[in-house]
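This report describes the architecture of one protein chain, beginning with a pair of helices and moving outward to the whole fold. Please keep the structure in view while reading.

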Amino acid sequence: MASILDHLFDSAFFDQSIDYLAETLDLAITVLDSEGLSVASRQAKGGDTLASRTYPFSFPSDIGSIVCAAPNQDLLDQAEPHILYCLASLNSQLLRETELQETTEEMLQLSSQLNFLFKVAKKIIGIDDLKKCYQIILDEISQTIKADQGFIHTKGRWDEEIRVTHRMTDEEVNSTRNSICLKQKAAGSTIICTREDGASLLYSPIKEKDGQSGQMVFHRAFSASEKQLVAIIENIISPTFETLRLYDSLQDLYLNTVKALAAAIDAKDEYTHGHSFRVAKYAMTIGGQLGLGNQQINDLEIAGYMHDLGKIGISELILGKPGKLTHEEFCLIQKHPVFTDKILQPIKLPVHILEGATQHHERMDGTGYPNGLAGANISLFGRIIAVADVFDALTSKRPYREALPVEAALRTLCDGIDSLFDREMILAFISALRSELSKEALADINMGLRYDDIQNLNQFLIELKEFALDANRG
Ligand SMILES: [Fe+2]
């Protein structure tokens, strides 16, 4: 049953119109709903009303009509222009109110979508693990639509399958995915269906530009009219997933480009082959020991790859010169952090990455280059990469000497505590190397590392730490 009264926010004009037709024109008025039942009526002042005419309201669906009755057909004919005028006014009010209602609904929906997106965006900013992002999205949707269980099954960065669940075991996910109702109905659109055990499921496909990339299923007693929930899911989630996946692969692309650049620089000098890669890994090891977050460690990796980028502007003949460098040659080599800065400036990298890449030759006592920065004026990334860079230089073969064993390189670093290197960074490196996996981890970074006495490395590191902590040096 539908009636004009369901569609009028303001019924005053409607009441005035039928009052006017009844009182001024002396008509009996009955307003009917779509099933012919009276929803409003006015009596005529006098006499029988033997003649009547029905005027339906103009609306996309049947919302009833207005029946006007008069003592005879002539009186109805005379009243008809007034009746049609009132009807036209009511129809235009209906149209205006319907448009207003649709706009309000659209705005409410948009606002709830924006709210939802804002909440999710706030939570996933800075999270670089795609699966964790999916988990947050799933939990947020479940909370928004008050689902007691749910899962998302979709693609990861390289199209591998990713599944995240909300209060659902793997067996429950599998039995839901295999349930007849989903298999029969699940297609390219959102549906609500009932599982064999009576559970109500909300299924929504995750669509990307090149087709369907996954599915989301939620469990709760959903009613067929819960279309607003469906709208949130359909309109927001698929583009969000696509953007997240694209962003994730772009980050990889960026990192791979940086790695390729680093490899190109390392290749300029046979003695520094793999240097940037190893410095990045050593720097990450120190950062991990210092308790830096995932994002910062990723940034350290990039800074490590980039730290000698400026060497691209220096001749291979100087970089690989076996003998002593002339003063001019040494001055030119000292400029490579400045060249790095010039190359990276236009990319608008986060400032800590730029600082890490350009300050790794600064020294704690201010004797470094290119700016002679000292102590805490050298950025954290600069102080970390300085240690990583020197450790790799010492443990790698040079035209004028063999690679030093790990122990000798660490001792040399410790000799430079406070004067050249930050004590905290060296202690962090020593502590990281003491961990169970240190030997394997180091071997992964540089297979050619030599040791004086690998069997007793841990004992050596304990003693070295005490030496590094020596109060006389503080
Ligand atoms: Fe360098």
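Helices α7 and α15 are roughly perpendicular to each other, because an angle from 65 to 115 degrees counts as such and theirs is about 95°. In this predicted model, the axes of α7 (residues 275-289) and α15 (residues 423-434) lie 8 Å apart. On the α7 side, the contact is formed by Thr285, Ile286, Gly288 and Gln289; α15 contributes Met425, Ala428, Phe429, Ser431 and Ala432. Sorted by class, this contact contains five nonpolar, four polar and no charged residues.

Nonpolar residues also gather in cores. The two described here are set out below.

| Core | Residues in core | Some members |
|---|---|---|
| Largest nonpolar core | 46 residues | Ala283, Ile286, Ile384, Val387, Ala388, Phe429 |
| Another core | 26 residues | Leu130, Ile206, Phe218, Ile237 |

The six residues named for the largest core are those with the most contacts inside it. Helices supplying at least two residues each to this core include α7, α13 (380-394) and α15. Its largest share, nine residues, comes from α13. Ala283 is in contact with Ile384, Ile385 and Ala388, and also with Leu300 and Gly304, when neighbours within four places in sequence are left aside.

Taken as a whole, the protein has 17 helices and nine strands. Its radius of gyration is 38 Å, well over the 23 Å that the globule rule gives for 474 residues, so the protein is more spread out than a compact globule. Along the principal axes, its C-alpha atoms fill a box of roughly 125 × 55 × 45 Å. Of the 474 residues, 31% count as buried.

Technical notes. Residues are numbered from 1 along each chain as its sequence is written. This is a predicted model: local features need pLDDT of at least 70, side-chain atom pairs count only at pLDDT 80 or more; totals for chains, interfaces and linings use all residues. Axes are lines fitted to C-alpha atoms, for helices over the stretch in contact, and angles run from 0 to 180 degrees between N-to-C directions. Helices (H or I, at least four residues) and strands (E, at least two) are DSSP runs, numbered from the N terminus. Angles under 35 degrees count as roughly parallel, over 145 as roughly antiparallel, 65 to 115 as roughly perpendicular and the rest as oblique. Two residues are in contact if their C-beta atoms, placed from the backbone, lie within 7 Å. Ala, Val, Leu, Ile, Met, Phe, Trp, Tyr, Cys and Pro count as nonpolar, Asp, Glu, Lys and Arg as charged, and the others, Gly among them, as polar. A nonpolar core is a set of buried Ala, Val, Leu, Ile, Met, Phe, Trp, Tyr and Cys residues joined through C-beta atoms within 7 Å. A residue is buried if 20 or more other C-beta atoms lie within 10 Å of its own, exposed if 12 or fewer, and partly exposed in between; C-beta atoms are placed from the backbone. The radius of gyration is taken over C-alpha atoms; the globule rule is 2.2 Å times the number of residues to the power 0.38.
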